[in-house]
Amino acid sequence: MEHFLRNLTEDIVVSQLDEMINRLDCCKCDKCRLDIASYALNRLPAKYIATTQGELMSKISIIDNDFRMRVATEITKGAAIVKKNPRHAAVPGSPLPYPIPDLLKTE
Ligand SMILES: [Zn+2]
């Protein structure tokens, strides 16, 4: 059975963003969704685990509620930032409407 490294935080953020996206007052295009996910992931600790594809879902369920609350908080904050300055309309090669480092900042 092949094992691979997986960041469970990423799985939690992506699945929670899917659940929350319709309640978030922001653009729902791919780019904005991924920007929101990036924002949240850069502020949450990584949770790496060696796993197999089949085991993945059961591993996700070990994440506790406190951590899920933190994830929801960061997603909400990320949505507010992306809403203020969406990058989806950026013309390739032109200056970005807001700087990437905003998404990368950890505090
Ligand atoms: Zn968008």
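**From a strand residue to the helix packing**

Thr51 is partly exposed, because 17 other C-beta atoms lie within 10 Å, a count that falls short of the 20 or more at which a residue is called buried. This residue belongs to strand β2, which covers residues 48-51, in what is a predicted model. Although Thr51 and Arg6 are separated by 45 residues in sequence, their C-alpha atoms are 6.9 Å apart in space.

From the strand we can turn to the nonpolar interior. Nonpolar side chains tend to be buried together in soluble globular proteins. Here the largest nonpolar core has 14 residues, and those that touch the most other members are Val13, Ile36, Ala37, Ala40, Val71 and Ile75. The elements contributing two or more residues to this core are α1, α2 (30-43) and α4, and the most comes from α2, which gives six residues. Val71 offers a view of how these parts come together: leaving aside residues up to four places away in sequence, Val71 touches Ile12, Val13, Gln16, Ala40 and Leu44.

The helix pairs themselves can be taken in turn. Two packed helices are described by the angle between their axes and the distance between the axes. For helix α1 (residues 8-20) and helix α4 (residues 65-84), the angle is about 65° and the axes are 10 Å apart, and α1 passes α4 in a right-handed crossing. On the α1 side of this contact are Ile12, Val13, Gln16, Leu17 and Met20, which meet Arg68, Val71, Ala72 and Ile75 in α4. By residue class, the contact of α1 with α4 consists of seven nonpolar residues, one polar and one charged.

The second pair joins α2 to α4, whose axes come within 8 Å of each other and cross at roughly 130°. With that angle, α2 is oblique to α4, since an angle has to be over 145 degrees to count as roughly antiparallel. This crossing of α2 and α4 is right-handed. From α2, the residues Cys32, Asp35, Ile36, Tyr39, Ala40 and Arg43 take part, and they meet Val71, Glu74, Ile75, Gly78, Ala79, Ile81 and Val82 in α4. The residues of this contact of α2 with α4 divide into nine nonpolar, one polar and three charged.

Read together, the two contacts share residues of α4: Val71 and Ile75 meet residues of α1, and Val71 and Ile75 also meet residues of α2. Both Val71 and Ile75 are among the residues that touch the most other members of the largest nonpolar core.

Definitions and conventions:
Residues are numbered from 1 along each chain as its sequence is written. This is a predicted model: local features need pLDDT of at least 70, side-chain atom pairs count only at pLDDT 80 or more; totals for chains, interfaces and linings use all residues. Axes are lines fitted to C-alpha atoms, for helices over the stretch in contact, and angles run from 0 to 180 degrees between N-to-C directions. Helices (H or I, at least four residues) and strands (E, at least two) are DSSP runs, numbered from the N terminus. A crossing is left-handed if the near helix is turned anticlockwise from the far one by less than a right angle, and right-handed if clockwise. Two residues are in contact if their C-beta atoms, placed from the backbone, lie within 7 Å. Ala, Val, Leu, Ile, Met, Phe, Trp, Tyr, Cys and Pro count as nonpolar, Asp, Glu, Lys and Arg as charged, and the others, Gly among them, as polar. A residue is buried if 20 or more other C-beta atoms lie within 10 Å of its own, exposed if 12 or fewer, and partly exposed in between; C-beta atoms are placed from the backbone. A nonpolar core is a set of buried Ala, Val, Leu, Ile, Met, Phe, Trp, Tyr and Cys residues joined through C-beta atoms within 7 Å. Angles under 35 degrees count as roughly parallel, over 145 as roughly antiparallel, 65 to 115 as roughly perpendicular and the rest as oblique.
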